[in-house]
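Colleague: I'm new to this one and would like to learn how to read it. Could you walk me through it, feature by feature?

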Amino acid sequence: MPDRVRAKVILLLTCLVLFSLSAHADSSTLPVNVRSALNVRDVPHDSLSIHIEDVDTGEVVLQWLASEPRNPASTMKLLTTLVALDTLGPAYRWQTEVYALGEIGGGRLDGDLLLKGYGDPFLVTERVWQMLREIRRLGIDEITGNLLIDDSYFDTGEYDPAAFDRRPLRAYNVAPNALLMNFKVVRYWFEPNGSVVTVRLDPALENLNVDNRLRVIQAPCRGYQRGIAITTNADNDRVTLSGRFPSGCARYALDRTALSHNEFVYGLFTSLWRESGGVFGGSWKSAIASEGDKPILSFASLPLRDMITSVNKHSNNVMSRQLMYTLSAEVLGAPGTESGGREVISTWLADNKLALGKLAVENGAGLSRESRITAADMAVLLRFAWRQPYMPEYLASMSLTGLDGTLSRRFRNSDLVGKAHLKTGSLDHVTAIAGYLQSRSGRRFSVVVLHNFEDIHRGPGEEVQEALLRWLYEQ
């Protein structure tokens, strides 16, 4: 072979080797584009943890400080939903029992109606309406007594909705409850009407008093909450709306919690019962269903496989916490407690020989400053789930890049659309993702990224995640 040809061959081989090294970074070295994303924002490399492996071969593709315990934010829900799937099964359903404490005749219940909850996480307005229609089909149009409420299946103790971030009216701070209806949340619809603002509530609750002091100002539609301030009295049964609403805004909605759990149940029940043509003029009382009584109706929830989709795709905190209490009640016996849920998770990990030595679980939702897990341990959970028969249900519960859930607005107009099922997590100074990605070549990877650093949640964390996923997609 002539020297000139030999030199060209050597040069070509050298280029191929260099390209391969750049495309397939050493498993202990951050890819160039990830380092660049960190450097441009002056984010220290040691604030980041990564674990990526091929789910079919077990090959570790990239590890970076994977044994460092970090706050995972809402990616902790992947642990809670995995334990629930494995313990309760994908087809598990919650029940809400209805008792008629009196004689039924001529379309009338001459006595009280009792509702007993068992922790249904998704007893939203539409589902409550369906349940009331089932009661009406049993021949009850009028209730002469009171509504009795039994929420004893869970014991939440003393719960302060302001403890996490001093925002007690936010939906993510709602306490779990065995008879949770519509997440205890009201949606306020605001619409300018001349100099005043029309306010409508969904659902409309007769026992929630609204003092509307909003006024319209001539201004374009912008500003935090469109200038609306929402405050309540100590009992959360009187809401005051104040502020100046820009005339340039069309309809605008805010979701906020209201009332106590049982008062919300009473308000929603009363509103929907009368809306459907039923007659009821009683009040409500807390009660305990007698063991000898038989329910006239057991209203089944949606199956667990559907519930975890809401938990993971939309990062629903109170639903995740309902799972924790349900695990406690089902495995250890009623009433379900948060500490019982942690005990069930700990026992489940031991039984499955999943030693997560640096794990710290608080409420199962990740809405916590104290929760901790390592990227390597999160990868252990993803590896375990990948080999289970319910893997498709687990995978489908996560957001699809660029298509739905918390990732619906990310990775659009890129090759990553629809290529990854991921759970996101975000708190002040925390960002995280965990899940599965299929690369351009067809390889499937589990990927975990945990990032804890000041203001990392304000954009830099997502930039690092995108750089990493783009690199991984080319592997």
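Colleague: Let's start with helix 6. How many of the residues of helix 6 are buried?

Modeller: Keep in mind that this is a predicted model. Burial is judged by relative accessible area, and under 20% counts as buried. In helix 6, 7 of the 10 residues are buried, so the helix is largely enclosed by the rest of the structure.

Colleague: Which residues in helix 6 are buried?

Modeller: Leu304, Met307, Ile308, Ser310, Val311, Asn312 and Lys313.

Colleague: And what covers the buried residues of helix 6?

Modeller: The cover includes helix 3, helix 7 and helix 10 (391–396), along with strand 17 (399–400) and strand 18.

Colleague: Let's take helix 3 from that list. How do I read two helices packed together?

Modeller: Two packed helices are described by the angle between their axes and the distance between those axes. Here, helix 3 covers residues 77–88 and helix 6 covers residues 304–313; they pack at about 175°, and their axes are 10 Å apart. An angle over 145 degrees counts as roughly antiparallel, and helix 3 and helix 6 are therefore roughly antiparallel to each other.

Colleague: Which residues in helix 3 meet helix 6?

Modeller: On the helix 3 side they are Lys77, Leu78, Thr81, Ala84, Leu85 and Leu88; their partners in helix 6 are Leu304, Ile308, Val311 and Asn312. By class, that contact has 7 nonpolar, 2 polar and 1 charged residues.

Colleague: Is there a general idea behind the spacing of residues in a helix?

Modeller: Yes. An α-helix has 3.6 residues a turn, so residues three or four places apart point the same way. Try that on the contact list: Leu78, Thr81 and Leu85 are among the helix 3 residues there, and Leu304 and Ile308 are among those from helix 6.

Colleague: What happens just after helix 6?

Modeller: There the backbone angle phi is the thing to look at. Ser315, just after helix 6, takes a positive phi of about 50°. Ser315 also turns up in the next feature, the largest pocket.

Colleague: Then what is the volume of the largest pocket?

Modeller: About 1400 Å³. The lining has 42 residues, and the closest to the pocket centre are Ala171, Tyr172, His314, Ser315 and Asn317.

Colleague: Which element gives the most to the lining of the largest pocket?

Modeller: Strand 18, with 5 residues. Other elements that each supply at least two residues include helix 4 (125–137), strand 7 (185–193), helix 7 (317–332) and helix 11 (460–473). By class, the lining has 14 nonpolar, 15 polar and 13 charged residues.

Colleague: How about the second largest pocket: where does the largest share of its lining come from?

Modeller: From helix 5 (residues 261–275), which gives 3 residues. The second largest pocket has a volume of about 420 Å³. It is lined by 23 residues, with Ala175, Lys184, Leu259, Ser260 and His261 closest to its centre. The lining divides into 10 nonpolar, 9 polar and 4 charged residues.

Colleague: Back to the backbone. Where should I look for cis peptide bonds?

Modeller: Read omega. A cis peptide bond joins Asp202 and Pro203, with omega at about 0°. Pro203 sits in the loop between strand 8 (196–202) and strand 9 (209–212). Another cis bond joins Ala334 and Pro335, again with omega at about 0°, and Pro335 is in the loop between helix 7 and helix 8 (338–351).

Colleague: You mentioned positive phi. Is Leu65 buried or partly exposed?

Modeller: Leu65 has a relative accessibility of 38%, so it counts as partly exposed. Leu65 has a positive phi of about 50° although it is not a glycine, and it lies in the loop between strand 2 (60–64) and helix 3.

Colleague: And where is Phe411?

Modeller: In the loop between strand 17 and strand 18. Phe411 is not a glycine either, yet its phi is positive, about 65°. With a relative accessible area of 5%, Phe411 is buried.

Colleague: One last thing: how does sequence separation compare with distance in space?

Modeller: Look at two pairs. Gly105 and Asp415 are 310 residues apart in sequence, and their C-alpha atoms are 64 Å apart. Glu466 and Leu416 are 50 residues apart along the chain, with 9.3 Å between their C-alpha atoms. For orientation, Gly105 is in strand 3 (residues 95–105) and Glu466 is in helix 11.

Definitions and conventions:
Residues numbered from 1 in each chain as written. Predicted model: local features only at pLDDT ≥ 70, side-chain atom pairs only at ≥ 80, totals over all residues. Heavy atoms only, no water. Axes fitted to C-alpha atoms, helices over the stretch in contact; angles between N-to-C directions. Helix = DSSP H or I, 4+ residues; strand = E, 2+ residues; numbered from the N terminus. Parallel < 35°, antiparallel > 145°, perpendicular 65-115°, else oblique. Contact = heavy atoms within 4.5 Å. Nonpolar A, V, L, I, M, F, W, Y, C, P; charged D, E, K, R; others polar. 1 Å grid on protein atoms, 1.4 Å probe; cavity = no way out; pocket = protein on both sides within 12 Å on 5 of 7 lines; lining within 4 Å. Points joined across faces, edges and corners; volume = space filled by probe spheres on them. Buried < 20%, exposed > 50% of the residue type's maximum accessible area, 1.4 Å probe, protein only.
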